[in-house]
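Q: Hey, can you walk me through this structure? I'm new to this, so plain words please.
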Amino acid sequence: MTAEQQANDRTPDAASAVDDAASTVPTTSIASAGSPVSTGDAAGSTVHRGGSPRDRPMQPLLHDSVVVLRAPTQSWSAADGDMGASAIHGLYHGDTRVIRGLRLRVGESAPEAISVAQRGATGATFVALTRRIDDRGADPRVRLERHRDVSAGSLSERVALVSRVDHKIETSITLEITPDFAAMQQVKAGTSANSAWDIREEPDGVTISSGPTTIRLSAPGAVATSTGDGVTVAWSVTLAPHATESRALEVAVEDTSLVVAAPRREVAWRSPLGVVPDSRLERWIDAALTDLDALRLALPDHPDDEFLAAGAPWFFTLFGRDSIWAARFLLPVTTDVAASTLRVLARLQGVAHDPESAEQPGKIMHELRSAPLSIPGEQVTLPPVYYGTVDATALWVALLADAHAAGMSESAVTELLPALRGCLDWIVRWGDSDGDGFLDYVDLTGHGLANQGWKDSGDSIQWRDGTLAAGPIALCEVQAYAYEAVVAGARLLDELGDGRDDTDALRVWAADLKNRFREAYWVETTEGRYPAVALDAEKRPVDSLTSNIGHLLGTGILDPDEEDAVVSLLVAPSMASGYGLRTLSTEAAGYWPLSYHGGSVWTHDTAIAIAGLVRSGHLDEARILSEGLLAAAERFSFRMPELHSGDARAEFSAPTPYPAACRPQAWSAAAVFPVLSALTAGDDA
């Protein structure tokens, strides 16, 4: 097809574009932290699905479930503490859901839930009424308190009956436990099916095993009964007048195949707060640090080098891009997480050319799993260590430079100079797949990720008319990351030295990239003049106005007048929702406030723009976007989800949840620190 034919082919009328969008569903993948992704041959392709939606497996919704976690273990339940009513419910360890059902009964009845209180990230207390055993008074006088705590590899549940009645109560407490052993990707795809398991009754409890995973149930004083579906534990309870009776269940999980583990060290950071300009900010920081603590992981062979798991529930592992951004946001609090994250990723840095894993020499990996990842019903199969990311390598360099400037020790930086060299070599030699001088991506296998930037859903790279761009795709922000990385990397090599005298050549490469970017990316539409989101396979600038341009600020790839043009559009009503920065302008044909990357608001994305605004000297605009995130954080009880709706604050008194958004998410939690910087910048002046 000629370029002219392709241009004609991508200009349907608006009505047909809407119809096409409604009749196609992007295929989904667990493979990227927060990503329905396309699996077609061209980046941004979609797969038509037949049949009724009610017959199609669907990803579970998360927004109204309660999560308690300590990586690599997490518990998802309803507001009464029970598990099983939603497809997301269960106890997970690593990439396996080990229990899918946990149902509590007092006597023959289910307690009636009245409240749930989170105790940080790792605990929750569920309160319910037990009116079937209460007296006849108007006020509730017997209640149930269900105290749940999760640590790495275990869940503990203490159930307390609390009475204020004047007579003795004879009753029972029963917990019905349903094992599962389903792979995480099956749960995410909505296709989870029970695995086979073995149950052994032991003097101190029950052991249930399936493959490399074993769970041990301990319930002192209970009668444990094996059923066809699992195990029932029951206690007889004599509740004296005005007394409390408690019973406890302990669940311990071991998985010998797990490639991540809890870090050996306790958390070493503290809140950086001095004078707080907004009480909401203080509450968000407290919640964020608690969640980030619970998301810490390490590799078993280096337990002192921690990194941040991308997020719950799907991404309890190492993700290059996500872990780097979270560590970068955390630099005002600590450089330790940055240093250890850099070391972990350097150990896994690519050394060979392998199309199956997308590995290339010097490349930073995308994600780490215990086993190959296959998405049920789709054409995605990824190896355990997968390198399908176009941006993590440059971001690794940027993190190293920023961490050094923030106080990371010179010896720790010097130790990583060989890895820095590898990253720079990849950027200038291997990041360009088609020889046009820009970093891009294309899946060569047909079963990897089709989109490999942070917006990795199938419809994320689209023209203003709503049609999808064909790859290889060269994203605008990736060029900015590369420019920033090469300039910063050359500066580090000049300062610390590694015996090679080629930093001038690196600077020439960066300057050339900056000039070519200006010539190739800028477009002018009815919305104004701005950098296109990407170049497509024909090297045409894809002309949608997107939040990606916020990532260019402060990297050096834009001149001051160019930055001013970008800034004015970022805070315009089409992009700034009042609750953060939309991923796609409301003026684009493909805009939808609940589109994953086509109109929703991502906390970390807005925070990147805020950080760039601060670095480029646009404090007023940084504070406008910061106020939007603070307003959203308050509505989400200061645990910011992965993303939320792009609805306008002027029309909605609270941000609408994106119902499948992960939470907590490391880069969403850590996004509070760019907001802190924006609101306190200039205070010492």
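A: Sure, and keep in mind that this is a predicted model. Let's start with a pocket: strand 5 (112-119) and helix 4 (279-294) each supply at least two residues of the lining of the second largest pocket.
Q: Which of them gives the most to that lining?
A: Helix 4 gives the most to it, with four residues.
Q: How much space lies in the second largest pocket?
A: About 510 Å³. It has 22 lining residues, and the closest to its centre are Gln118, Phe636, Ser637, Arg639 and Arg663.
Q: What classes of residue make up the lining?
A: Eleven are nonpolar, six are polar and five are charged.
Q: OK, strand 5 again. Where does it stand in its sheet?
A: The sheet is an open one of eight strands, with antiparallel pairing and the order 5-6-7-8-15-12-11-10. Strand 5 and strand 10 (198-202) are at the edges with a single partner strand each, so one side of each has no neighbour in the sheet. From one strand to the next, the twist averages 15 degrees.
Q: How many bridges join strand 7 and strand 8?
A: Ten, with strand 7 covering residues 142-151 and strand 8 residues 154-163. Ser151 has Ser154 in strand 8 as its bridge partner.
Q: New topic: is Leu558 buried or exposed?
A: Buried, because its relative accessible area is 5%, and buried means under 20%. Leu558 sits in the loop between strand 26 (541-542) and helix 12 (560-570).
Q: What is Leu558 in contact with?
A: Leaving aside neighbours within four places in sequence, its contacts include Lys514, Phe517, Trp522 and Val566.

Conventions
Residues are numbered from 1 along each chain as its sequence is written. This is a predicted model: local features need pLDDT of at least 70, side-chain atom pairs count only at pLDDT 80 or more; totals for chains, interfaces and linings use all residues. Side-chain values use heavy atoms; hydrogens and water are left out. On a 1 Å grid over the protein atoms alone, a cavity is a set of points where a 1.4 Å probe fits but cannot get out, and a pocket is an open set with protein on both sides within 12 Å along at least five of seven lines; lining residues have an atom within 4 Å of a point. Grid points are joined across faces, edges and corners, and a volume is the space filled by probe spheres set on the points. Ala, Val, Leu, Ile, Met, Phe, Trp, Tyr, Cys and Pro count as nonpolar, Asp, Glu, Lys and Arg as charged, and the others, Gly among them, as polar. Buried means under 20% relative accessible area, exposed over 50%, partly exposed in between (1.4 Å probe, protein chains only). Contact means heavy atoms within 4.5 Å. Two strands pair if DSSP finds at least two bridges between them. Axes are lines fitted to C-alpha atoms, for helices over the stretch in contact, and angles run from 0 to 180 degrees between N-to-C directions.
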